[in-house]
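Trainee: I have a new model open and would like to learn how to read it. Could you walk me through its features one at a time?

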Amino acid sequence: MTKEEEKPFRQSMAEWRQFIYNRNSGEFLGRTAKSWGLILLFYLVFYGFLAALFSFTMWVMLQTLSSDVPKYRDRISYPGLMISPKPETALEFSISKNNSGNYNYNRYVEPLHKFLGAYNETKQTRNIRCSPGKLFDQNSVNKSACQFNRDSLGPCSGLQDENFGYDKGTPCVIIKMNRIIGLKPVGKPYINCNSKEEGKATISYFPANGTVDLMYFPYYGKRLHPDYLQPLVAIQLAFNTTSAKEDVTIECKILGTNLKNDDERDKFLGRVSFKFQVSA
């Protein structure tokens with residue numbers, strides 16, 4: 001076989017220049033101006049149609065959604081429980097004495113004051129007094145929020161005892177339910193807490209019996225219900241420990257209602273557990 005003869009460099013360059021722009025036919029990159037114009041027009045119409053179709057589809061979908069309430073709320077139908085203050089280490093509190101014999105507690109007290117600041121009377125000027133013991137259904141566009149009396153938390157309100165009992169070794173923990181739009185509990189919900197180590201802690205509730213009043217339900221969403229405050233329940237713990245260093249685990253559940261608290265797949269659904277490491 002004979003090897004094809006290589007084209008001279010000048011000939012190759014001339015062919016490339018002619019391909020880029022042919023003076024005789026007026027072609028640019030192998031196409032005339034008319035051909036390029038038709039191709040550009042085709043793609044302009046094609047992609048314009050796709051953009052219009054996408055925009056129309058999005059518009060139709062948005063017509064089915066509400067800016068106030070999520071359309072689908074079936075994934076989280078029951079509330080979880082949360083606590084304040086929230087320890088730095090996975091819901092584990094540490095109550096110990098320093099060299100002066102006083103308890104170290106500032107890291108818990110300061111977050112509690114900050115959290116409860118939203119429940120001051122001065123922050124609830126637009127909230128109203130509601131009728132206790134029954135659901136507060138509202139049909140008006142502008143939803144009213146019920147006042148929560150911070151004094152009902154007793155010694156855990158921070159008003160009577162600014163250290164929330166931490167300086168005495170009787171700490172307070174605030175419990176609240178997560179917000180669920182449209183939630184209407186059935187019955188008389190209340191928070192119940194127990195020590196997993198029997199007899200290691202005495203628990204006091206504020207308000208009495210850990211009651212969660214129905215007047216704070218339902219919640220209509222952040223946009224319609226901007227002044228809404230979740231009801232709180234406070235517990236104060238008195239430890240009955242005998243050793244120098246001991247762990248006491250507390251589990252709290254929502255009871256007296258149809259709300260779930262025993263789903264093994266979600267350990268925060270209707271319940272919460274936390275631990276106190278008590279050092280004498």
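Trainee: Let me start with one side chain. Which residues does Gln 230 touch, leaving out those up to four places away in sequence?

Mentor: Happy to help, and keep in mind that this is a predicted model. Leaving out residues up to four places away in sequence, Gln 230 touches Tyr 119, Lys 176, Met 177, Asn 178 and Arg 179. Gln 230 itself sits in the loop between S7 and S8.

Trainee: Is Gln 230 buried or exposed?

Mentor: The cut-off for buried is under 20% relative accessible area. Gln 230 has 9% relative accessibility, so it counts as buried.

Trainee: Which polar partners does the side chain of Gln 230 have?

Mentor: The side chain of Gln 230 reaches the backbone oxygen of Met 177 at 2.8 Å. It also makes a polar contact of 3.1 Å with the side chain of Arg 179.

Trainee: Let's move on to sheets. How do strands hold on to each other in general?

Mentor: Strands of a sheet pair through backbone hydrogen bonds, and they do this either parallel or antiparallel. Here, one open sheet has four strands in the order S3-S5-S8-S7, and their pairing is antiparallel.

Trainee: Which strands stand at the edges of that sheet?

Mentor: Strand S3 (81-84) and S7 do; each has a single partner strand, so one side of each is left without a neighbour in the sheet. On average, neighbouring strands of this sheet are turned by 30° against each other, direction ignored.

Trainee: How many bridges join S5 to S8?

Mentor: Five bridges join these antiparallel strands. As an example to look up, Lys 176 has Leu 232 in S8 as its bridge partner. Lys 176 is also one of the residues that Gln 230 touches.

Trainee: Which strands does helix H3 lie across?

Mentor: H3 lies across S3, S5 and S8, and runs at about 40° to S5.

Trainee: What is the strand order in the other open sheet, the one with mixed pairing?

Mentor: Its four strands follow the order S4-S10-S9-S6. Strand S4 (92-95) and strand S6 (187-195) are at the edges with a single partner strand each, so each has one side without a neighbour in the sheet. From one strand to the next, the twist averages 20°. If you zoom in on S6 and strand S9 (residues 245-257), you will find seven bridges in the antiparallel sense. Tyr 190 stands opposite Leu 255 in S9.

Trainee: Now the hydrophobic part. What do nonpolar side chains tend to do?

Mentor: In soluble globular proteins, they tend to be buried together. In this model, the largest nonpolar core has 53 residues, and Tyr 166, Ile 235, Ile 250 and Phe 274 touch the most other members. Strand S8 (residues 232-239) gives the largest share of this core, with six residues.

Trainee: What does Ile 235 touch, beyond four places away in sequence?

Mentor: Its contacts include Pro 171, Val 173, Ile 175, Ile 203, Tyr 205, Ile 250 and Phe 274. Cys 156, Cys 172, Cys 193 and Cys 252 are also among them, as is Ser 204.

Trainee: Charges next. When can oppositely charged side chains pair?

Mentor: They can pair when their charged atoms come close. This structure holds five salt bridges. One of them joins Asp 227 to Arg 126, with the closest N and O atoms 2.7 Å apart. Asp 227 is in the loop between strand S7 (201-206) and S8, and Arg 126 is in the loop between helix H3 (106-116) and strand S5 (172-177), 101 residues apart. Asp 227 is partly exposed, at 24% relative accessible area, whereas Arg 126 is exposed, at 59%.

Trainee: Where do Lys 184 and Asp 137 lie?

Mentor: Lys 184 is in the loop between S5 and S6, and Asp 137 in the loop between H3 and S5, so their pair ties together parts that are 47 residues apart in sequence. The closest N and O atoms of this salt bridge are 2.9 Å apart. Lys 184 counts as partly exposed at 42% relative accessibility, and Asp 137 counts as partly exposed at 42%.

Trainee: Are Lys 200 and Glu 246 buried or exposed?

Mentor: Both Lys 200 and Glu 246 are buried. Their side chains meet in a salt bridge at 2.9 Å, N to O. Lys 200 belongs to the loop between S6 and S7 and Glu 246 to strand S9, 46 residues apart.

Trainee: Which residues are linked in a network of salt bridges?

Mentor: Look for Asp 161, Asp 167 and Lys 168, which are linked in such a network.

Conventions
Residues numbered from 1 in each chain as written. Predicted model: local features only at pLDDT ≥ 70, side-chain atom pairs only at ≥ 80, totals over all residues. Heavy atoms only, no water. Core = buried A, V, L, I, M, F, W, Y, C linked by side-chain atoms within 4.5 Å. Buried < 20%, exposed > 50% of the residue type's maximum accessible area, 1.4 Å probe, protein only. Helix = DSSP H or I, 4+ residues; strand = E, 2+ residues; numbered from the N terminus. Contact = heavy atoms within 4.5 Å. Pairing = 2+ DSSP bridges. Axes fitted to C-alpha atoms, helices over the stretch in contact; angles between N-to-C directions. Salt bridge = Lys/Arg side-chain N within 4 Å of Asp/Glu carboxyl O. Polar contact = N/O pair within 3.5 Å; in protein donor to acceptor, adjacent residues only side chain to side chain.
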